[in-house]
Amino acid sequence: MKKFKFSLEKILELKKFNEEECKMALGHAISLLNEIEIKIKETAVKHHQATQERVKDPSELSMWSNYIIRLDQEKEKLLEQAAKAAVVVEEKRDLYMEAFQELTAIKKLKEKKETQYKKETERKESEEIDEIFAVRQNKRKGNIVYEENK
């Protein structure tokens with residue numbers, strides 16, 4: 001029996017490669033977003049700790065106040081970065097889903113073609129076996145049937 005050969009195998013391989021690339025890009029974007037979120041949490045903890053401190057020396061009050069302001073500015077900057085990173089994550093997720101769907105469609109097509117190929121091959125094999133059986137039956141009966149050259 002001849003082995004099944006999918007005519008779109010190269011396209012399937014390209015779709016697999018594209019899906020993997022999109023998956024890696026999505027993972028990278030999520031990783032960046034997670035890093036920013038960790039920094040936001042760290043900044044919030046620092047802010048909370050700083051506001052809980054009681055400054056006794058008036059000369060430190062200005063430094064303490066500036067530190068709180070800097071933490072607030074850093075938090076705002078990180079929130080903006082997080083919003084931008086979230087947009088990138090959504091874009092990468094959309095690209096990944098599109099690549100995944102394209103890959104799935106090609107895989108389903110391959111499975112369908114392979115199933116058709118197997119059915120056709122089994123049908124042909126069955127016809128050949130039936131033909132061989134019929135020839136043997138005719139030989140046993142003494143009725144040898146010769147086909148004309150086509």
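The largest nonpolar core of this structure, which is a predicted model, has twelve residues, namely C22, L26, A29, L33, I36, I40, L78, A82, A85, V89, Y96 and A99. Two elements give two or more residues to this core, helix 1, which runs over 9–52, and helix 2, which runs over 58–141. Apart from this core lies another, of five residues, among them F6, L12, L103 and I106. As general background, nonpolar side chains in soluble globular proteins tend to be buried together.

The arrangement of the two helices can be described by an angle and a distance: helix 1 and helix 2 pack at an angle of about 160 degrees, and their axes are 7 Å apart. Because angles over 145 degrees count as roughly antiparallel, helix 1 and helix 2 are roughly antiparallel to each other. The crossing in which helix 1 passes helix 2 is left-handed.

Individual residues show how the two helices meet, and I40, a member of the largest nonpolar core, is a convenient place to begin. When its neighbours within four places in sequence are left aside, I40 is in contact with L78, L79 and A82. Of these partners, L78 and A82 are listed in the largest core along with I40, whereas L79, whose place is in helix 2, is partly exposed, with a relative accessible area of 39%. L79 can also be related to I36, from which it is 43 residues apart in sequence and 8.1 Å apart in space, C-alpha to C-alpha.

Further along helix 1 lies T43, which counts as buried at 4% relative accessibility. Not counting residues up to four places away in sequence, T43 touches L71, E74, K75 and L78, and L78 is also among the contacts of I40. A50 lies in helix 1 as well and is buried, with a relative accessible area of 2%. Its contacts, with neighbours within four places in sequence left aside, are W64, Y67, I68 and L71, and L71 is also one of the residues that T43 touches. For the pair A50 and W64, the separation is 14 residues in sequence and 7.7 Å in space, from C-alpha to C-alpha.

E37 also lies in helix 1, but this residue counts as partly exposed, at 36% relative accessibility. E37 and D130 are 93 residues apart in sequence, and their C-alpha atoms are 71 Å apart in space.

The aromatic side chains remain to be considered, and a search of the whole structure finds three aromatic pairs. In one of them, the rings of F4 and Y117 have their centres 5.5 Å apart and their planes at 55 degrees, so the pair is tilted. F4 lies in the segment before helix 1 while Y117 lies in helix 2, so this pair ties together parts that are 113 residues apart in sequence. Y117 counts as partly exposed, because its relative accessibility is 23% and the range for that class runs from 20% to 50%. F4 and Y117 also belong, together with F6, to one aromatic cluster, and F6 is in turn among the five residues of the other nonpolar core.

Conventions: Residues numbered from 1 in each chain as written. Predicted model: local features only at pLDDT ≥ 70, side-chain atom pairs only at ≥ 80, totals over all residues. Heavy atoms only, no water. Core = buried A, V, L, I, M, F, W, Y, C linked by side-chain atoms within 4.5 Å. Buried < 20%, exposed > 50% of the residue type's maximum accessible area, 1.4 Å probe, protein only. Helix = DSSP H or I, 4+ residues; strand = E, 2+ residues; numbered from the N terminus. Contact = heavy atoms within 4.5 Å. Phe/Tyr/Trp six-rings, centres within 6.5 Å; stacked < 30°, edge-to-face > 60°. Axes fitted to C-alpha atoms, helices over the stretch in contact; angles between N-to-C directions. Parallel < 35°, antiparallel > 145°, perpendicular 65-115°, else oblique. Left-handed = near helix turned anticlockwise from the far one by under 90°.
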